[in-house]
Each structure stands twice: as C-alpha cells, then as structure tokens.
Amino acid sequence: YIDRTGKLVVNPQFDYASSFYEGLAQVQVGQKWGYIDHTGKLLIKPQFDYGDRFLTGFAKVEVGKKWGIIDSKGKFVVKPKFDNLEYFVNGFALVAIGKKWGFLDNKGKLAIRPQLDSAWSFFEGLAAVQIGKKWGFVDNKGKLVINPQFDTAWSFSKGLAVVQ
C-alpha cells in the first residue's frame with residue numbers, strides 16, 4: 001500500500017490485498033484470508049478460506065465450502081453453514097442451502113427457510129421470488145403477497161416493480 005505521494009506505507013507481505021472498505025482490507029496469506037487496518041496491522045487473523053469485503057459492518061467469509069458472516073471484530077454473526085449467501089440489504093440476507101434460497105433477518109436468524117428456487121433482496125417490504133418457473137413476491141414473513149405468475153420479476157422501486 002502507498003499513500004498519495006507514492007510513499008510505501010504498508011510493506012509488501014501479502015499474497016493478495018484488496019482496497020479498503022469500511023476501514024478494513026481483506027488480505028491473503030498463504031491459503032487463508034484475514035483483514036488489516038490502514039497501517040497494515042492484522043485486525044482479523046488469516047483464518048478463512050475466503051474473505052469478502054466489509055459492507056454495512058459485515059463481511060461474508062467461507063470456511064470449508066460453507067459461508068457465514070463476521071462482524072468487524074472477526075466474530076461470527078452467522079456461522080458458516082450456508083452453500084451461498086449475499087450481504088444484508090434492507091435488513092435481510094439471501095442464503096442458500098443446496099439449490100434452495102431463503103432469508104436471514106438482521107440478527108442472523110432464518111426469517112424464511114430456504115425453499116425458493118431463486119430470489120432478489122427485499123425492497124419496499126417485498127422480495128421477488130421464484131417458485132418453480134414463475135416469479136411472485138413475498139413479505140418479510142415469507143407470505144406470498146403476489147402469487148408467482150410472471151416469467152421474470154425485479155425489485156420494487158417507488159411502488160412499482162418490472163415484471164415480464
């Protein structure tokens with residue numbers, strides 16, 4: 001890492017290093033990933049098979065082919081048990097077990113168990129979800145508000161959602 005004058009600030013020591021997000025950068029040492037601050041100090045030791053960037057105070061990490069979520073101290077908020085997961089958006093994170101998707105609430109608890117074929121994040125209180133080959137919309141309790149009837153659906157914005 002260099003500063004704006006080109007002066008070396010953090011000596012080369014990582015196999016990979018990213019840009020800083022929310023004050024932390026993910027770094028790879030050997031086969032493990034951890035996080036440093038702007039001085040190069042390891043704040044979260046390399047221990048993950050992969051570590052993604054921090055967003056809204058959390059980072060997605062992979063351990064043994066399962067995904068979880070850590071906070072900025074490296075503490076698991078969601079233990080690695082999902083085959084895939086997305087960042088929290090509007091209080092919910094998409095998670096997958098096998099090929100089925102569901103949602104975690106902002107406390108890391110399952111709000112909607114993985115049962116959906118695909119889904120988008122919640123916007124304006126609804127999430128577009130695919131059940132079988134059709135798309136509809138659920139509320140944050142998993143209740144179908146608009147039955148699956150569309151070939152494709154996108155998230156709501158200003159009270160409207162594009163559907164096909």
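Which residue in S11 is the bridge partner of Val95? In this predicted model, the tour begins with that pair and then moves to a second group of strands.

**First stop: S10 and S11.** Select residues 92-97, which form strand S10, together with strand S11, residues 100-105. The two strands pair in the antiparallel sense over six bridges. Within this pairing, Val95 has Gly102 of S11 as its bridge partner.

**Second stop: the surrounding sheet.** Extend the selection to S9 and S12 to display an open sheet of four strands, in the order S9-S10-S11-S12, with antiparallel pairing. Strand S9 (84-85) and S12 each have a single partner strand and stand at the edges, so one side of each lacks a neighbour in the sheet.

**Third stop: Lys109.** Next, select Lys109 in the loop between strand S11 (100-105) and strand S12 (110-116). Lys109 is exposed, with a relative accessible area of 55%. Adding Lys75, Lys79 and Lys81 to the selection shows the positive surface patch that these residues form with Lys109.

**Fourth stop: strand S2.** Now select residues 25-29, strand S2; four of its five residues are buried, so the strand is largely enclosed by the rest of the structure. On one pairing, two bridges join S2 to strand S1 (residues 16-17), and the strands run antiparallel. Here Ala17 stands opposite Val27 of S2. Five bridges join S2 to strand S3 (residues 32-36), again antiparallel, and Val27 stands opposite Gly34 in S3.

**Last stop: the hairpin.** Finally, select Gly30 in the hairpin of S2 and S3, where two residues lie between the strands. Gly30 takes a positive phi near 65°.

Methods:
Residues are numbered from 1 along each chain as its sequence is written. This is a predicted model: local features need pLDDT of at least 70, side-chain atom pairs count only at pLDDT 80 or more; totals for chains, interfaces and linings use all residues. Side-chain values use heavy atoms; hydrogens and water are left out. Patches are made of residues with over 30% relative accessible area and no salt bridge: like charges are joined within 9 Å, nonpolar side chains (Val, Leu, Ile, Met, Phe, Trp, Tyr) within 5 Å. Accessible areas come from the Shrake-Rupley method with a 1.4 Å probe; for residues, only the protein chains shown count as cover. A salt bridge is a side-chain nitrogen of Lys or Arg within 4 Å of a carboxyl oxygen of Asp or Glu. Lys and Arg count as positive and Asp and Glu as negative; His and the chain ends are not counted. The place of a charge is taken as NZ of Lys, CZ of Arg, CG of Asp or CD of Glu. Buried means under 20% relative accessible area, exposed over 50%, partly exposed in between (1.4 Å probe, protein chains only). Two strands pair if DSSP finds at least two bridges between them.
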